[in-house]
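This briefing gathers what can be said about a complex of two chains, arranged by topic. Please read it alongside the sequence and the coordinates.

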Amino acid sequence: MNPSALRSPWPWFSALALALLGVFVVYPLLYIFTASFFGDGGSGWVQLMHDGRSLAAIGNTLVLACVVTLCSTLIGVPLAYVSARFRFRGKLLITLLPLITLVIPEVVTAQTWLMILGNNGVITRFLKGHGIFLPSFYGWFGLITSMSFIYYTYVYIGTVAAIGKFDAQLEEAAQSLGTAPVRSRFHVMLPVIRPAILASALLVFTMVVGNFAISTILGHNVPLLSVAIYQAAVAEGASNLTMQSTLASTSVLIVMGLLFVNRRIIAGGRYEIVQGRGAKPQPLKGGQGVLVSAAAGVVVAISLLPLVTIAVGAFTVSRGPVMRWGEWTLDNVARVFITAPGPLVNSILYAGIATLISVAFSTLVSYLVVKKPNLVTPLIDYVSAIPLALSGTVLGVGLLASFNDGFLSLTGTSTIIVLAYVIRRMPFGMRNGQAILHNIPNSIEEASISLGSPPFRTFLRVVLPMMLPAVASAAILTWTTTVSELSASLLVYSGGRETLPIQIFRLIDSGLMAYASAYGLVLVAVILLPVVIATTVFKVDLFGSK
Amino acid sequence: MGIAISNLSVRYGAETVISGLSLDIPQGCFFTLLGPSGCGKTTLLRTIAGFAPASGGQIRFGGRDVTELPPHKRAIGMVFQDYALFPDKTVADNVAYGLRARGEKGGGVERKVKAALERVGLGHLLSRHPAALSGGQRQRVALARALVIKPTVLLMDEPLSNLDAKLRVQIRETIIELQREANITTVFVTHDQEEALSMSDLIGVMNKGKVEQLGTPQQIYATPRTGYVADFVGAANRTEVAVRPTAPGRVEVDVAGSRLLATDALEGPAEHGLLVLRPEDLKISSAPVAGLQSLPATIRGRQYLGARTSYSVECAGGLVLNAEMHGAGHDAFLPGAAVHLGFDPAAARVIRS
């Protein structure tokens, strides 16, 4: 390398970033990969072949992922189609869907399903009173229902975007050639938006594979991969490093395989998606309009159900696991703020620090990758994307095993929780930062330098202010997702360091739904507050950049 | 202060963009690097600025070696093709940026900023943001921003190519005025020969990382030393010819079956050369003109361009030449007509091929 290049600060920042990523991302991953091959009982992969329960967990996870992906697509695509192409009553609600999934943590969703359809659920008890017995919501029925009604939004968002870009003239061309409208839609539009649908379906698949909160709360007698990993990691006195590493590696391999397929689809889709004039939404009237409004309304209502349920549950009197609906109290909420405020304080503290670190790191690193490329920056780019392939449970296992003792002992500290948050959300910050930096021409920076401002000051004075709106929206999205993080933090937290999601999870486990609702309601408020302030006071465009 | 470049090389990885280039630009000179895209002119400018590191050789500003100096310490003023104004800062803050980077504060900055913007006719737009300016106004702000810091050299990278034709001429004049006023050594990069010819004291025509010819605009246009320069600066008819020396400064050449006289610009003895004829130096007439040597030819095509007409003319042996006629009756000749192409031996130069 040119000696003068080493005098600029950037190569040193690159080296530092790579070192940090090496220690906190690559090392834990390699640690569990290695641990899967060596152990007391021989290679974990051999053990796995003889472990019926673990094999069943892998099989169940794949089946569940397939079914949920299918259901999500069947809900998401038609919903996207009607909302992109038609106008009808209540359409505004559908456009709010992304916000809804964003603000309701999965653990709260799982909880509310139990409050409605669980063994002590509102509907279950009501029907029981009339002599009707529902099948247990624990197991396949609950898993598929609750996951489908969360994950269809990803299919919906991806498909709406693709239909919006689809050139309506293609459809008109097909019709002018004598094809009936419905046929032309199937023959012309579907192939064009297929890559987007497939990509979002794969995303759903990977999310199901990595899902922990719902899997463990509703899974019960259905062994699932992430639950098995968690159990192998936390089993009292019998924590099995080899087995947890093997199962975690399996999860990583599945997700990596899917991400690889996803990349291929997106790469292919670049050439297939025809950019053009989108069609103007047509009003739907009469019976058709009512039907579509009703169907969309049902979907949205089910998505909103958790919010309503915890809002009511938080103020409802309870005795142990039994909710006394109709009797109101402030005790539950008082507990969150006065009797046991620890989780609230911890959540704000950890997520706040993690958001700051994550945004600062990903801003600086995406700047290096885009604007100051050198030999190591492509490597930094790849490594920083690795956490995409790690489910929260896998990351938790990796951090727990790697930093238990040895050169860096973090077990039992708050640092390891913050670290888990930062690593999980870093790829999103990176993607956001890189997107905005590609839109800032190099000449702007060079102009500043030519005027006598040194490189790092140029970054602070010129580039950073231009990135600020995007950085602000990245910070808010990071905050919302870290505050609701459960699966990684549940593995690495220690007594007294419970966060809101962890506390909710523990309360659900004990069947204390009223308390759980109160914590859940506060959690949603904590998530929502910065979003509301940012969009109304600071006019940050949260979804435009997506 | 002047710029002295000696034996400069620039490499990107395995690719050598500039090798062994030497160049002297005197103090106060308006120097233009002219060439097509990919010839290395922008790389050379960026190396002078310090944005592209030199792999070998030396760059000096007024005797001071700046080769290893980072760009922010070179005291340059730079103007970019896309203006590169800071979008989140006002016009005044853009211009004040360099002064503040130098630690200047208070009323002095304000006064200088106002004066600089008034000089480019934008004194009334201090508090605007760049997005609210037209292209021409933006480039004026960029110019004011680069000059207000009183740089040692002014570097401009195709500053006019994003502007429409009329504005281009206006801003050209502004640039020249400001450059003369500040008497600042200027390096101007362009691919537009008209810009180069009209603005420069000196032009360096670049080709494949080398300065192929260095000279005043008149020298470059009237006496190109290579076929590349002849072709790039103004259109030129070029044809390979056999050469026989006659009188000093004159050679005899065979063109389209005729034996003709031409000017010797071969810079040494040679048996073959390249005959260069500017289209405007070829006179089309229906009969040979006294005092000019002439070639019989046939009109093949023509383009009427208002003030002039451009003809495509075929001589014996299939040689096709371009000729341009000005003045009264310039569009008088029609395709198919048998004509004579006349030219003065001084206008026909033979250079090394």
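Helix H7 of chain A covers residues 122-129, and Val122(A) is found in that helix. The model is predicted, and the predictor gives the complex an ipTM of 0.83 together with a pTM of 0.78.

**Confidence**
- For chain B the average pLDDT is 92, and 100% of the residues score at least 70.
- As a general caution, predicted coordinates should not be read in detail where pLDDT is low.

**Surface of chain A**
- Val122(A) has a relative accessible area of 36%, and it therefore counts as partly exposed, since that class lies between the 20% limit for buried and the 50% limit for exposed residues.
- Together with Ile123(A), Leu134(A) and Trp325(A), Val122(A) forms a nonpolar patch on the surface, and the accessible area of these residues together is about 310 Å².

**Interface of chain A and chain B**
- The contact draws 22 residues from chain A and 25 residues from chain B, while the area buried between the two chains is about 1,900 Å², with carbon and sulfur atoms giving 59% of it.
- On the chain A side, the residues that lose the most area to chain B are Glu446(A), Ser450(A) and Leu451(A), which together account for 34% of what that side buries.
- The rule finds one salt bridge across this interface; Glu446(A) forms a salt bridge with Arg46(B), in which the closest N and O atoms are 2.7 Å apart.
- Glu446(A) thus appears both among the residues of chain A that lose the most area to chain B and as a salt-bridge partner of Arg46(B).

Notes: Residues are numbered from 1 along each chain as its sequence is written. Chains are lettered from A and ligands numbered from 1 in the order in which they are written. This is a predicted model: local features need pLDDT of at least 70, side-chain atom pairs count only at pLDDT 80 or more; totals for chains, interfaces and linings use all residues. Side-chain values use heavy atoms; hydrogens and water are left out. Patches are made of residues with over 30% relative accessible area and no salt bridge: like charges are joined within 9 Å, nonpolar side chains (Val, Leu, Ile, Met, Phe, Trp, Tyr) within 5 Å. Accessible areas come from the Shrake-Rupley method with a 1.4 Å probe; for residues, only the protein chains shown count as cover. A salt bridge is a side-chain nitrogen of Lys or Arg within 4 Å of a carboxyl oxygen of Asp or Glu. Helices (H or I, at least four residues) and strands (E, at least two) are DSSP runs, numbered from the N terminus. Buried means under 20% relative accessible area, exposed over 50%, partly exposed in between (1.4 Å probe, protein chains only). pLDDT is the predictor's confidence in each residue, from 0 to 100. Contact means heavy atoms within 4.5 Å. Buried area is the accessible area (1.4 Å probe) that two parts lose on being put together, summed over both.
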